[in-house]
Amino acid sequence: MKKQIVTTSRSLTEETEDKLNEQIDMEGKSSAYYLSMASWCETMGYSNAAQFLYRHAEEERQHMLKIFGYVNDAGGHALQPEITGIRHKFDSLREVFELILEHEVEVTKSINTIVDHCFQIKDFTTFNFLQWFVTEQREEETLARRAVELFVIIGEEGVGLWTIDQEIGNLDSFATGTGPNTTGAI
Ligand code: OFO
């Protein structure tokens with residue numbers, strides 16, 4: 001007979017709580033990573049890319065807080081992540097967006113792993129909570145892919161980089177925005 005997930009004191013197993021804290025760590029690092037990239041872009045004169053990344057740094061922080069609220073409401077303890085070793089310099093604007101795409105793919109894999117775990121242990125409440133992140137990751141991956149494609153389509157010669165920076169400024173309107181927005185900040 002399997003142990004019940006929901007008890008009078010908590011509705012999360014400790015294993016699920018640990019996995020959600022690992023996700024909190026990942027979202028916190030995403031926020032710091034994008035903030036650092038935003039600053040680098042700004043110093044290099046890529047002002048649209050900088051604004052895009054400042055917005056996304058804030059978005060990642062809101063993702064982290066969303067999980068904080070869920071874990072604590074469920075009787076667990078959300079942990080502020082240690083954030084060290086953030087890179088401050090990048091070789092090119094293209095590298096920034098290639099790194100973002102790789103990073104978002106890793107975040108998607110991580111969310112999928114937790115969703116799978118929740119399904120296996122029949123924690124349908126957390127499974128349901130995570131559906132918002134499943135949708136959000138699809139949007140974020142698509143945005144990052146579109147950004148990387150701009151370098152291929154437009155090319156970096158002549159006014160290419162300037163044009164790419166302009167187009168990155170328009171990328172947010174390309175996103176579908178289907179996930180619920182509980183913070184009002186994004
Ligand atoms: Fe939190 O959505 Fe990207 O990383």
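Hi everyone. Let me start with a single residue: Trp-40 is found in helix α1. This is a predicted model, so please keep that in mind as we go. Is Trp-40 buried or exposed? Neither label fits: Trp-40 counts as partly exposed, because 19 other C-beta atoms lie within 10 Å, and a buried residue would need 20 or more. Setting aside neighbours within four places in sequence, Trp-40 is in contact with His-88, Lys-89 and Phe-90. There is also a pairing to look at with Val-96: Trp-40 and Val-96 are 56 residues apart in sequence, yet 9.4 Å apart in space, C-alpha to C-alpha.

Let me step back to the whole chain. There are five helices and zero strands, so to speak a plain α-α-α-α-α pattern along the sequence. The C-alpha atoms fill a box of roughly 65 × 30 × 25 Å along the principal axes. Of the 186 residues, 31% are buried. If you take the contacts with a separation of 6 or more, 76% of them join residues 24 or more positions apart.

Now a word on confidence. The average pLDDT of the chain is 91, and 91% of the residues score at least 70. The stretch to be careful with is residues 176-186, where pLDDT is below 50; this stretch has 13 contacts in the model beyond near neighbours in sequence. Where pLDDT is low, the predicted coordinates should not be read in detail.

On to the packing. Which residues have the most contacts inside the largest nonpolar core? They are Met-37, Cys-41, Ala-49, Leu-53 and Leu-93, in a core of 21 residues. At least two residues of this core come from each of α1 (14-43), α2 (47-73), α3 (93-120), α4 (124-154) and α5 (160-174). The biggest giver is α1, with five residues. There is also a second, separate core of 16 residues, and Leu-20, Ala-74, Ile-114 and Cys-118 are included in it.

Cys-41 is a nice place to zoom in on the larger core. Beyond its neighbours within four places in sequence, Cys-41 is in contact with Tyr-46, Ala-49, Ala-50, Leu-53, Leu-93 and Val-96.

Next, the pair α1 and α3. Their axes come within 11 Å and cross at roughly 170°. How do the two helices run relative to each other, parallel or antiparallel? Since angles over 145 degrees count that way, α1 and α3 are roughly antiparallel. On the α1 side, the contact is made by Thr-16, Lys-19, Leu-20, Gln-23, Met-26, Ser-30, Tyr-33, Met-37 and Cys-41. On the α3 side, the contact residues are Leu-93, Val-96, His-103, Val-107, Ser-110, Ile-114, His-117 and Cys-118. By type, the residues of this contact are ten nonpolar, six polar and one charged.

While we're on α3, have a look at Glu-106, which is found in that helix. Glu-106 counts as exposed because it has 12 C-beta neighbours inside 10 Å. Its C-alpha atom is separated by 9.5 Å from that of Met-26, with their positions 80 residues apart along the chain.

For a contrasting label, go to Leu-143 in helix α4. Leu-143 has 22 C-beta neighbours inside 10 Å and therefore counts as buried. The C-alpha atoms of Leu-143 and Phe-97 are separated by 9.9 Å, and the two residues are 46 residues apart along the chain.

Then there is Gln-62, found in helix α2. With 16 other C-beta atoms within 10 Å, Gln-62 is partly exposed. Gln-62 and Ala-147 are 85 residues apart in sequence and 22 Å apart in space, C-alpha to C-alpha.

One last stop, for those of you who like backbone torsions. Most residues other than glycine have a negative phi. Lys-122, though not a glycine, has a positive phi of about 60°. Where does Lys-122 sit? It is found in the loop between α3 and α4. Lys-122 counts as exposed, because it has 11 C-beta neighbours inside 10 Å.

That's my tour. Thanks for listening!

Key: Residues numbered from 1 in each chain as written. Predicted model: local features only at pLDDT ≥ 70, side-chain atom pairs only at ≥ 80, totals over all residues. Core = buried A, V, L, I, M, F, W, Y, C linked by C-beta atoms within 7 Å. Helix = DSSP H or I, 4+ residues; strand = E, 2+ residues; numbered from the N terminus. Contact = placed C-beta atoms within 7 Å. Axes fitted to C-alpha atoms, helices over the stretch in contact; angles between N-to-C directions. Parallel < 35°, antiparallel > 145°, perpendicular 65-115°, else oblique. Nonpolar A, V, L, I, M, F, W, Y, C, P; charged D, E, K, R; others polar. pLDDT = per-residue confidence, 0-100.
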